[in-house]
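Got the viewer open? Let's take a short walk, picking one piece at a time.

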Amino acid sequence: MDKKQKEKILILDFGGQYSQLIARRVRECNIYSVVKPYDYSLDKIKKMNPEGIILSGGPESVEGNNVPVVDKQIFYLGIPVLGICYGMQLMADLMPGGKVRKAHQGEYGKARLTIQSEDIPLFSGIEKEIQVWMSHGDHIKEVPADFAVAGRTDITEAAVIYNREQKLYGVQFHPEVKHTQQGQKILSNFLFEVCKIKPEWTMEDFVEQQLSEIRDQVGNEKIICGLSGGVDSSVASALVHKAVGDQLTCIFVDHGLLRKGEASQVRKAFGQQFNIPLVYVDARDRFLDKLQGITAPEKKRKIIGNEFIRVFEEEAGKLEKTKFLVQGTIYSDVIESGENDADTIKSHHNVGGLPDDMQFELVEPLRMLFKDEVRQIGEVLGLPEDIVWRQPFPGPGLAIRIIGEVTPEKLALLREADAVVQEEIKKADLYRDIWQSFAVLPDLRSVGVMGDERTYGYPVILRVVTSDDAMTADWARLPYEVLESISCRVVNEVSQVNRVVYDITSKPPATIEWE
Ligand code: XMP
């Protein structure tokens with residue numbers, strides 16, 4: 001095995017919402033990490049022989065029945081361990097003399113942590129008092145015999161525990177989330193000061209590792225991919241193509257709800273530049289027919305989703321028998337798709353996706369990655385900038401940005417307005433800092449005046465948001481000059497539009513899209 005991959009961190013996942021985030025933070029330190037379920041066996045751990053182990057947080061209380069535990073021998077392997085939240089409580093509970101119980105008072109959200117111990121490696125270079133992010137109902141009632149307490153908050157006495165000799169550390173707070181000041185530094189201290197790993201791992205290494213995993217999984221079989229033109233499916237298919245060449249065929253369904261120039265860009269990049277076998281399906285009329293007279297947002301989504309599947313199946317059926325399907329699933333899809341039991345807010349994450357009962361085995365090379373990491377991979381693979389940096393775009397496309405019925409006229413109008421928005425945001429050099437910027441066409445008209453004439457035209461709503469992961473978002477504080485040039489150009493260049501308004505609502509309570 002590659003030397004760089006041997007220097008790795010094993011993250012044992014106890015079902016906490018931040019487990020993958022820990023993996024990402026470790027990768028940001030240029031260190032290879034793997035996430036395994038908490039019951040990954042001791043034998044396998046010994047075989048892997050990681051340079052360090054991180055025990056994640058989790059929703060359970062150590063006091064409950066059938067709670068997830070680890071074999072306590074992992075604390076005696078000579079491998080440094082960092083327990084986070086539940087991970088720390090578990091360590092404390094399993095070590096001799098330690099006891100964890102329900103706290104009188106839980107601690108959720110921001111807290112002040114005071115570091116009491118001088119120069120412990122985990123807190124090297126960290127201020128004595130920092131803000132940390134807490135989320136726990138249990139606490140350490142008795143500190144294990146060979147451990148010392150290194151930090152406390154107002155509510156939690158043992159917020160940091162450690163056994164310097166055995167290199168065992170536990171923190172009650174979450175260093176991996178942004179609300180913890182210097183959290184990344186604390187994690188990197190664990191990696192560099194405690195585990196003494198060298199930062200050698202890069203995105204190029206990730207690509208290499210994925211290539212060999214894809215080759216192992218796919219063998220000599222055929223594989224197909226539904227290409228949407230978005231970053232995720234583009235990067236996933238480019239990666240798979242690099243791994244297995246023309247065993248891959250991409251199917252690009254043009255549903256006619258794309259932005260200006262998008263379809264031709266994708267055909268050019270994949271069909272010509274990368275020479276990936278590409279089936280282009282012009283299904284524009286088919287989708288428009290189905291959408292006639294439909295106004296309810298969820299109904300539109302369902303129709304588009306179903307039609308997409310039908311077209312895809314038809315096209316796949318024309319190809320040689322295929323065993324595998326590439327999916328551009330990324331980590332935020334995994335979280336939002338309900339693996340964390342969150343209520344479905346909109347039915348979006350199955351739209352443009354394919355149903356589970358399709359007879360394919362999935363290849364999902366980006367499942368562990370966050371959006372910006374996917375972009376880095378796109379760059380490593382040499383995909384065009386326009387695709388790598390493309391803002392997220394919903395599967396049902398412009399159909400859910402036209403309020404009410406979708407007609408060819410409205411589509412043309414919105415496409416033009418949207419193109420102006422993209423151009424102006426790019427011209428102002430804001431495109432990459434912004435999560436999404438687009439135009440929405442509401443189902444109403446208002447009075448205006450142009451020249452000496454009264455007009456009765458459409459307003460265009462400008463929606464521009466900043467976000468890290470689309471789960472929450474804030475409206476972008478665009479400079480007035482940018483707002484002005486968008487407004488001027490839209491009303492001048494797009495016929496039937498006489499007004500531009502700016503949406504100044506965050507998510508929540510609004511969503512990013514209008515439907
Ligand atoms: P909302 O509007 O729920 O959107 O704040 C969050 C993110 O999801 C995208 N989105 C969709 N993506 N199919 C998709 O593939 C959909 O039906 C859909 N609806 C919303 C949205 O653009 C934003 O990035």
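Before we start, a word on pairing: two strands count as a pair if DSSP finds at least two bridges between them. Also keep in mind that you're looking at a predicted model.

**Stop one: the sheet.** Show the strands and find the open sheet of five, ordered β12-β11-β10-β13-β14 with parallel pairing. The edges are β12, residues 278-282, and β14, residues 361-363, and each of them pairs on one side only. Look along the sheet and you'll see some twist: on average, neighbouring strands are turned by 25° against each other, direction ignored.

**Stop two: β10 and β11.** Select residues 223-227 for β10 and 248-254 for β11; they pair in the parallel sense over five bridges. Which residue of β11 is the bridge partner of Ile 224? Click on Thr 249 and you have it.

**Stop three: on to β12.** Stay with β11 and add β12: this pair is parallel too, over five bridges. Here Phe 252 stands opposite Tyr 280 in β12. Now add residues 262-273, helix α8, and you can trace a right-handed β-α-β unit made of β11, α8 and β12.

**Stop four: the helices across the sheet.** Select residues 231-244 to bring up helix α7, which lies across β10, β11, β13 (324-326) and β14. Compared with β10, α7 runs at about 155°. Then pick residues 297-318 for helix α10, lying across β10, β11, β12 and β13. How is α10 angled to β11? Line them up and you'll find about 140°.

Notes
Residues numbered from 1 in each chain as written. Predicted model: local features only at pLDDT ≥ 70, side-chain atom pairs only at ≥ 80, totals over all residues. Heavy atoms only, no water. Helix = DSSP H or I, 4+ residues; strand = E, 2+ residues; numbered from the N terminus. Axes fitted to C-alpha atoms, helices over the stretch in contact; angles between N-to-C directions. Contact = heavy atoms within 4.5 Å. Right-handed = clockwise from strand over helix to strand, strands pointing away.
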